[in-house]
Amino acid sequence: MSLPRHSDPIVAIATAPGRGAVGMVRVSGRGLDELVLALCGRPLKPREATYTPFLDATGQAIDHGLALYFVAPHSFTGEEVLELQAHGGPVVLQLLLARCLQAAAEPGPSGAPRLAQLRVALPGEFSERAFLNDKIDLAQAEAIADLIDASTEAAARSASRSLAGAFSQEIHQLRDALIHLRMLVEATLDFPEEDIDFLRQADAQGQLDRLEHSLARVMARAQQGSLLREGIKVVIAGQPNAGKSSLLNALAGAELAIVTAIPGTTRDKVQQTIQIEGVPVHVIDTAGLRESEDEVEKIGIEHAWEAIAQADAVLFLHDLTRIDQAAYRADDAAIARAIAQKIPRQVPVIEVWNKRDATAAADLPEGLQLSAKTGAGLDALRQKLLQVAGWQSGSEGVFMARERHVQALQQTQNHLGQAQIHLQSRAQALDLLAEELRLAQNALGEITGEFTSDDLLGVIFSSFCIGK
């Protein structure tokens, strides 16, 4: 799995772009002693912060700050690591980065470059090396990026649990139980002449049943974690002046979209991410759906239909004050038919009736009634969104998970289902049973990186920050 570039020493600015109180330049590789002397003017004690000048080629200080040196394998990457913590100005950090590269290329006491082939790190390369050097597994590495990108407190806590190994521990427990069952099946295949029925004596059926039950619990929590990471995309759709922009503003608690009584005010999508019980909800307000001769409005309506087609849920907003108008009801019916044609069957369409405060009608239609103006009914809508998203309120111990994790668990579930079928056939299909169990173990291994292609690693780590 290791590529030639993995042996190169690497350096990068490890703090976010822009100005800050403190900034960090990080170096990772083998044989950093001479580079340390060139930059700091003296050796550093491992794992001890040292206040020191950071020196340029003439011996003048670029800045003063803290230097920390970690010896292999006792570092984040498993290699030797040097961290220079300086003042967080972009120019200062760029000067330190350039000085690291310059000092590495300069001849050392032996006449050879101090740190040959030192280069700027690729996005996520420090975390990738931590994975390759067995400091963290792949799920933990992904949790680093998820913790940085977390948009809600619940997502951050879940990512922290995954980084601490909670998700990986669940996967390892499933793997160990699967390996034990595979051992029994393989033993039966290797010694078919034995009188003892290994599988029956060892309760292979019970072991497989317990495996499936444990897998189902892990899947449920992983799906919750995936929801915390990805959120749900909700599109507000309906005729002009139904109150779509008012509803977006009410859910967001801010005046994000312009609201007027003029039909067609919203010309394009307006998006805001809110959180409901820690779940990110990406709410998209769209142009009112109607026939229009206005070229700009027509483009906005096209964008509205594009957003509807990509939605995880659609809020079909109706106007209670126009419920008695035949033309309005006919247009709503036409929109409903169009929505049904454009979205997959499993995407929920939530019927919402707005302007409850402006009507005294006693016979109200089915669906959620609310007032975007007063806020009445918004809590019921929020709970409905959580319900259609599949969120289980009060979920404890949720760990962060990605869509690829959920897919790998589903593959594992499918292979265990096939294993159940073959186990019922006993000796007639034991080789097929063994193969399904092997495939199930491979699917689990994809989560933690035990069975992972270099291509997948490239995709995963390329989405990380540079310097992480």
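Which residues are buried in helix α9 (residues 244-252)? In this predicted model, the buried residues of α9 are Lys 244, Ser 245, Leu 247, Leu 248, Asn 249 and Leu 251. Their cover includes strands β7 (232-238), β8 (270-276), β9 and β10 (313-319). Helix α12 (378-389) is also part of that cover. Gly 253 follows α9. The phi of Gly 253 is positive, near 70 degrees.

Overall, the protein has 15 helices and twelve strands. The radius of gyration is 29 Å, well over the 23 Å that the globule rule gives for 468 residues, so the protein is more spread out than a compact globule. The C-alpha trace spans about 90 × 80 × 35 Å along its principal axes. Of the 468 residues, 46% are buried. Contacts with a separation of 6 or more were also examined. Among these, 67% are between residues 24 or more positions apart. The accessible surface is about 22,500 Å². Carbon and sulfur atoms hold 52% of that surface. The protein carries 42 positive and 60 negative charges. The mean positions of the two sets are 5 Å apart.

One open sheet is built from six strands in the order β3-β4-β5-β2-β1-β6. Its pairing is mixed. The edge strands are β3 and β6 (119-120), and each pairs on one side only. Strands of a sheet pair through backbone hydrogen bonds, either parallel or antiparallel.

At the β3 edge, strand β3 (residues 50-55) runs antiparallel to strand β4 (residues 61-70). Six bridges join the two. Tyr 51 has Leu 66 in β4 as its bridge partner. β3 and β4 form a hairpin, with five residues between the strands. Gly 59 lies in the turn and has a positive phi of about 90 degrees. β4 pairs in turn with strand β5 (residues 80-88), again in the antiparallel sense, over five bridges. Here Leu 66 has Gln 85 in β5 as its partner. Leu 66 is therefore bridged to Tyr 51 as well as to Gln 85. Strand β5 also meets β2 (20-29). Nine bridges join this antiparallel pair. Val 25 stands opposite Leu 84 in β5. β2 is mostly covered, with seven of its ten residues buried. On to β1: strand β1 (residues 10-13) is antiparallel to β2 and joined to it by four bridges. Val 11 stands opposite Val 27 in β2. β1 and β2 form a hairpin with six residues between them. Gly 18 in this turn has a positive phi of about 105 degrees. At the β6 edge, the sense of pairing is parallel, and two bridges join β1 to β6. Ile 10 has Arg 119 in β6 as its bridge partner.

Helix α1 (residues 33-40) packs against this part of the protein. Its buried residues are Leu 35, Val 36, Ala 38, Leu 39 and Cys 40. These residues pack against strands β2, β3, β4 and β5, and against helix α2 (90-105). Gly 41 comes after α1 and has a positive phi, near 80 degrees.

Another open sheet has six strands in the order β8-β9-β7-β10-β11-β12. Its pairing is mixed. β8 and β12 (368-369) stand at the edges with a single partner strand each, so one side of each has no neighbour in the sheet. Seven bridges join β8 to β9, and the two strands run antiparallel. Gln 272 has Val 283 in β9 as its bridge partner.

Ile 284 belongs to strand β9 (residues 279-285). Is Ile 284 buried or exposed? The relative accessible area of Ile 284 is 5%. The cut-off for a buried residue is under 20%, so Ile 284 is buried. Ile 284 can also be placed relative to helix α9. Asn 249, one of the buried residues of α9, is 35 residues from Ile 284 in sequence. In space, the C-alpha atoms of Ile 284 and Asn 249 are 11 Å apart. Strand β9 is among the elements that cover the buried residues of α9.

Methods:
Residues are numbered from 1 along each chain as its sequence is written. This is a predicted model: local features need pLDDT of at least 70, side-chain atom pairs count only at pLDDT 80 or more; totals for chains, interfaces and linings use all residues. Side-chain values use heavy atoms; hydrogens and water are left out. The radius of gyration is taken over C-alpha atoms; the globule rule is 2.2 Å times the number of residues to the power 0.38. Buried means under 20% relative accessible area, exposed over 50%, partly exposed in between (1.4 Å probe, protein chains only). Contact means heavy atoms within 4.5 Å. Accessible areas come from the Shrake-Rupley method with a 1.4 Å probe; for residues, only the protein chains shown count as cover. Lys and Arg count as positive and Asp and Glu as negative; His and the chain ends are not counted. The place of a charge is taken as NZ of Lys, CZ of Arg, CG of Asp or CD of Glu. Two strands pair if DSSP finds at least two bridges between them.
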